[in-house]
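Please look over the sequence and the structure shown below before reading on. The report that follows takes up selected helices, a few individual residues and the enclosed space inside the model.

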Amino acid sequence: MTSRTTPGIARFNALPEAAATAALHEACASSAWGSKLLAQRPYATADALFAASDAAMADLTAADLAEAMAGHPPIGRPKPGDPTSAREQRGMAGASEELKAEMLELNLAYQEKFGHVFLICATGRTGEQMRDAVEERIGNSPEQERETVRSELGKINRIRLTRLLEEGTA
């Protein structure tokens, strides 16, 4: 991370409110999370933005988490035309048909138990690692899983905020 003001953080700070709101929504679909980050602009450093993101994530209610999760497609089925979800789920792209079918079944069982998509920071994970994670996490209590999802969302948000600062897109 960086402790000095970078061109990316300066660019983010200078965005008009509507553009900053849209960029934050691309990073995380929770309007409460985005509003908290927007309200704290300008940020002195990327680390300050990440800390604000982590604090906002910690404060999300169950409804806010549900809103954030609604912005994520199931593992193995990235949104058509969405380069972000396709990039993040790259580990499933080359998976065997058997593994893809297994993930579909596990996703459905998970969704039936918890009422939302299985959410994991998929960046850098193989299809097998994601399958193993859903198999492990399906045994969690709803409370345990909500906190695991909160942690995974926090990781995803940091990756997407980093991309926003580097490229100007989440």
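## Residues along helix α10

Ile159 is partly exposed, with a relative accessible area of 27%, where partly exposed covers the range between buried (under 20% relative accessible area) and exposed (over 50%), using a 1.4 Å probe and protein chains only. This is a predicted model, in which local features need pLDDT of at least 70 and side-chain atom pairs count only at pLDDT 80 or more, whereas totals for chains, interfaces and linings use all residues. Residues are numbered from 1 along each chain as its sequence is written, and side-chain values use heavy atoms, with hydrogens and water left out.

Ile159 lies in helix α10; helices here are DSSP runs of H or I with at least four residues, strands are runs of E with at least two, and both are numbered from the N terminus. Leaving aside neighbours within four places in sequence, Ile159 is in contact with Cys121 and Thr123, contact meaning heavy atoms within 4.5 Å. Helix α10 also holds Glu147 and Lys155, and the table sets out the accessibility of these residues together with one C-alpha separation for each.

| Residue in α10 | Relative accessibility | Partner | Separation in sequence | C-alpha to C-alpha distance |
|---|---|---|---|---|
| Glu147 | 42%, partly exposed | Ala58 | 89 residues | 9.3 Å |
| Lys155 | 37%, partly exposed | Ala62 | 93 residues | 18 Å |
| Ile159 | 27%, partly exposed | Pro16 | 143 residues | 22 Å |

## Helix α1 and Leu49

Helix α1 spans residues 7–14, and its buried residues are Gly8, Ile9, Phe12 and Asn13. These residues lie on the same side of α1 because they cover an arc of only 135° around the axis, the arc being that of the directions from the helix axis to the C-beta atoms. On the other side of α1, Pro7 and Ala14 are exposed. The buried residues of α1 pack against α2 (17–27), α4 (46–58) and α10 (142–167).

Leu49 is placed in helix α4 and is buried, with a relative accessible area of 0%. Not counting residues up to four places away in sequence, Leu49 touches Ile9, Phe12, Leu37, Tyr43, Leu161 and Leu165. The C-alpha atoms of Leu49 and Leu161 are separated by 8.4 Å, although these residues are 112 residues apart along the chain.

The loop between α3 (31–39) and α4 contains Pro42, and the peptide bond that leads from Arg41 to Pro42 is cis, with omega near 0°.

## Helix α9 and Arg137

In helix α9 the buried residues are Gly127, Met130, Arg131, Ala133, Val134 and Arg137. Seen down the axis of α9, these buried residues fall within an arc of 160°, so they line one face of the helix. The elements that cover them include α7 (90–93), α8 (97–114) and α10.

Arg137 belongs to helix α9, which runs over residues 127–137, and Arg137 counts as buried because its relative accessible area is 7%. The side chains of Arg137 and Glu145 are joined by a polar contact of 2.4 Å; a polar contact is a pair of N or O atoms within 3.5 Å, of which, within protein, one must be able to donate a hydrogen and the other to accept it, while residues adjacent in sequence count only if both atoms are side-chain atoms. Apart from residues up to four places away in sequence, Arg137 touches Tyr110, Phe114, Phe118, Leu119, Ile120, Glu145, Thr148, Val149 and Glu152.

## Enclosed space

Rolling a probe the size of a water molecule over the atoms shows where empty space is left. A search of the whole structure finds 1 cavity of 30 Å³ or more, a cavity being a set of points, on a 1 Å grid over the protein atoms alone, where a 1.4 Å probe fits but cannot get out. The largest cavity holds about 120 Å³ of space, the volume being the space filled by probe spheres set on the grid points, which are joined across faces, edges and corners.

The largest cavity is lined by 14 residues, and the closest to its centre are His72, Ile75, Glu88, Gln89 and Ile120; lining residues have an atom within 4 Å of a point. Helices α6 (83–88) and α10 each supply at least two residues of this lining. By class, the lining of the largest cavity has 8 nonpolar, 4 polar and 2 charged residues, where Ala, Val, Leu, Ile, Met, Phe, Trp, Tyr, Cys and Pro count as nonpolar, Asp, Glu, Lys and Arg as charged, and the others, Gly among them, as polar.

Technical notes
1 Å grid on protein atoms, 1.4 Å probe; cavity = no way out; pocket = protein on both sides within 12 Å on 5 of 7 lines; lining within 4 Å.
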